[in-house]
Amino acid sequence: MRTSFGRAALLLAAGVILASGLVLAADIPAGKATLTLDLIAGKKGAVKFEHTKHALEYKKTGGAKITCKDCHHTLKADDGGSEKIAPCTECHAKVGEAAKTIDGKAAPVLGVDKGGGVIDQKSILMHKNCVDGCHKEMKAEGKKITACKTCHQE
């Protein structure tokens, strides 16, 4: 009796948590909970990106949930669904390569090499999306935003 009661209680608790939207593991593809973003070499090193925290814990300005489409700009559905999420380099050229044109529109390069291995920080697409976008908005709301070294693995 205890085993079936305990199992029923566990299932009920899991159902309540899932229904409340607190845990939606399906939002994060398998093996993508924490990512190392290293498409752009630079003095600060690769970025350790906490995918799960961004998708499940952190919120946009105003308190709304961050959706897949907020970062993956080519998705048609807000939650990503079964759509293929293409790597950035499918459309955007790597540092030092010529820009690509997609459907008649220029896709900016991931970053501009200033020479001598120095990358123009203001040209880095991820900075435009992450730092100049969400992180600065959150800071303007008075929320603590971590230092560069929190994410960059120097």
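## Histidine 51 and its contacts

Contact here means heavy atoms within 4.5 Å. With that in hand, let's start with histidine 51 in this predicted model. Histidine 51 sits in helix 2, which spans residues 51–57. Setting aside neighbours within four places in sequence, histidine 51 touches Ile28, Pro29, Lys32, Ala33, Thr34, Leu35 and His72.

Is histidine 51 buried or exposed? Its relative accessibility is 15%, and buried means under 20%, so histidine 51 counts as buried.

## The strand pair

Next, have a look at strands 1 and 2. Strand 1 (residues 34–37) runs antiparallel to strand 2, and 4 bridges link the pair. One of the bridge partnerships joins threonine 36 to lysine 48 of strand 2.

Strand 2 covers residues 47–50 and has two faces. Val47 and Phe49 lie on the covered face, while Lys48 and Glu50 lie on the uncovered one.

## Helix 4

Helix 4 takes in residues 125–140, 16 residues in total. From first C-alpha to last, helix 4 reaches 21 Å, close to the expected 22 Å. Its buried residues are Leu125, His127, Gly133 and Met138. After helix 4 comes glycine 142, with a positive phi near 90°.

## An unusual backbone angle

Most residues other than glycine have a negative phi. Aspartate 103 is not a glycine, yet its phi is positive, about 50°. You will find aspartate 103 in the loop between strand 3 (100–102) and strand 4 (105–107). With a relative accessible area of 78%, aspartate 103 is exposed.

Note on methods: Residues numbered from 1 in each chain as written. Predicted model: local features only at pLDDT ≥ 70, side-chain atom pairs only at ≥ 80, totals over all residues. Heavy atoms only, no water. Buried < 20%, exposed > 50% of the residue type's maximum accessible area, 1.4 Å probe, protein only. Helix = DSSP H or I, 4+ residues; strand = E, 2+ residues; numbered from the N terminus. Pairing = 2+ DSSP bridges. Expected span 1.5 Å × (residues − 1).
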